[in-house]
Amino acid sequence: MFDIDRLEMKEGCSDSVWPVIKSGLNLRDVGIMTERHYIYPMRSKSVTLLLCILLSHPGVYAQRDFSDSEVTKLVLLGTGNPNPSPAQSGCALALVVNDVPYVVDFGPGLIRRAAALSPRYGGDIEGLTIKNIKRAFLTHLHSDHTTGYPDLILTPWVMGRDEPLEVYGPAGITDMTGHILEAYREDIRYRLYGAEPANDAGWRVNCHEILEEGIFYQDANIRAEAFPVPHGTWPNAWGFRFSTPDRVIVISGDTAPSEKIVEYASGADILVHEVYSHAGYERKSESWKSYHAEHHTSTLELAGIARRADPGLVVLYHILFWGSTEEELLDEISGSYDGKVIVGRDLDIF
Ligand SMILES: [Zn+2]
Ligand SMILES: [Zn+2]
């Protein structure tokens, strides 16, 4: 299905800083915890510097389209994590099935990334016309997956969505949604009752909390199943398995190594999985090692998962490079997994 030979890997353009708010800390007491590491793995030659600057600029990336289906397209809207890398927008994906979009996770920047592939801005995915975004699925409430949520609610409405956004997510999504709408109350009021033409439906949100494993959404295009994943002490973190007329796509969400992913990704066409560099991990302090081991999945661990699940393709996202290059990530995985793996980049289409 995927032509691995079409891939052209670029070197030395990863980045990594990891400002993380530790789970469970009271910010009023301790402030925001950050860790300093690593600077760019820059080669000394100026030509490489220029290449890296160009390739790390999201507007300069060559568009990569690996898809060979006219029915189902998986779009990586953002492959990032809490680090505000200009090359990695906030964590978000879109499944577009028969030109109907389904958003997965709401990292910052998702609406502009989606717009980039819509016809209005030169793309050719009609389903990503912003006002068409009406259904969205959330894996968990971490901010790197939700700071784009106000944008997801409001911008498609401003662009003409005339029905409520349907959101499916973990327990707590209803509260978060209510707080966001309250925070933007004045904007909503002004658009509704000022001079601006606006409908009174598109800013509304219908929340559906996912409370148990299994199918949580189904229509003519897609069946969506949720399965619990281990993500530190988060009580509600989900991975998703989507079945469309011609694809099965599994999305890990944020997770430490999980038997559930092996189970749900077995035989899938695509496994989109988060990952961190093993070499980068080895350079971390013991406390950060402990944190990441409980919350995320290393290249070596992912190789083991992929070997057992045997999906058609593994796509890496939510990538923590920590100074490693794309090639080094792939080398770490290929040491014990010989299937197809692609280091996902923003706006990749599968
Ligand atoms: Zn995350
Ligand atoms: Zn998370």
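**An open sheet, its helices and a buried tyrosine**

In this predicted model, seven strands come together as an open sheet, lined up in the order 7-8-9-10-11-12-13, with mixed pairing. Strand 7 (214-218) and strand 13 (341-343) sit at the edges, so to speak: each of them pairs on one side only. Going from one strand to the next, the twist averages 25 degrees.

Now for one pair of neighbours in that order. Strand 11 (residues 270-276) and strand 12 (residues 313-320) run parallel and are joined by seven bridges. Within this pair, Glu274 stands opposite Tyr317, which belongs to strand 12.

Helices pack on the sheet too. Helix 10 (residues 299-309) touches strand 11 and strand 12, and the direction of helix 10 makes about 160 degrees with that of strand 11. Helix 11 (residues 326-334) also packs on the sheet, where it touches strand 11, strand 12 and strand 13. Here the angle is taken against strand 13, and it comes to about 155 degrees.

Away from the strands, a look at Tyr149 is worthwhile. Tyr149 is part of helix 4, which covers residues 149-158. Is Tyr149 buried or exposed? Tyr149 counts as buried because 26 other C-beta atoms lie within 10 Å, and the cut-off for being buried is 20 or more. Leaving aside residues up to four places away in sequence, Tyr149 touches Phe106 and Ile180. Ile180 is 31 residues from Tyr149 along the chain, yet the C-alpha atoms of the two are separated by 8.3 Å.

Key
Residues numbered from 1 in each chain as written. Chains lettered and ligands numbered in written order. Predicted model: local features only at pLDDT ≥ 70, side-chain atom pairs only at ≥ 80, totals over all residues. Helix = DSSP H or I, 4+ residues; strand = E, 2+ residues; numbered from the N terminus. Buried ≥ 20, exposed ≤ 12 C-beta atoms within 10 Å, placed from the backbone. Contact = placed C-beta atoms within 7 Å. Pairing = 2+ DSSP bridges. Axes fitted to C-alpha atoms, helices over the stretch in contact; angles between N-to-C directions.
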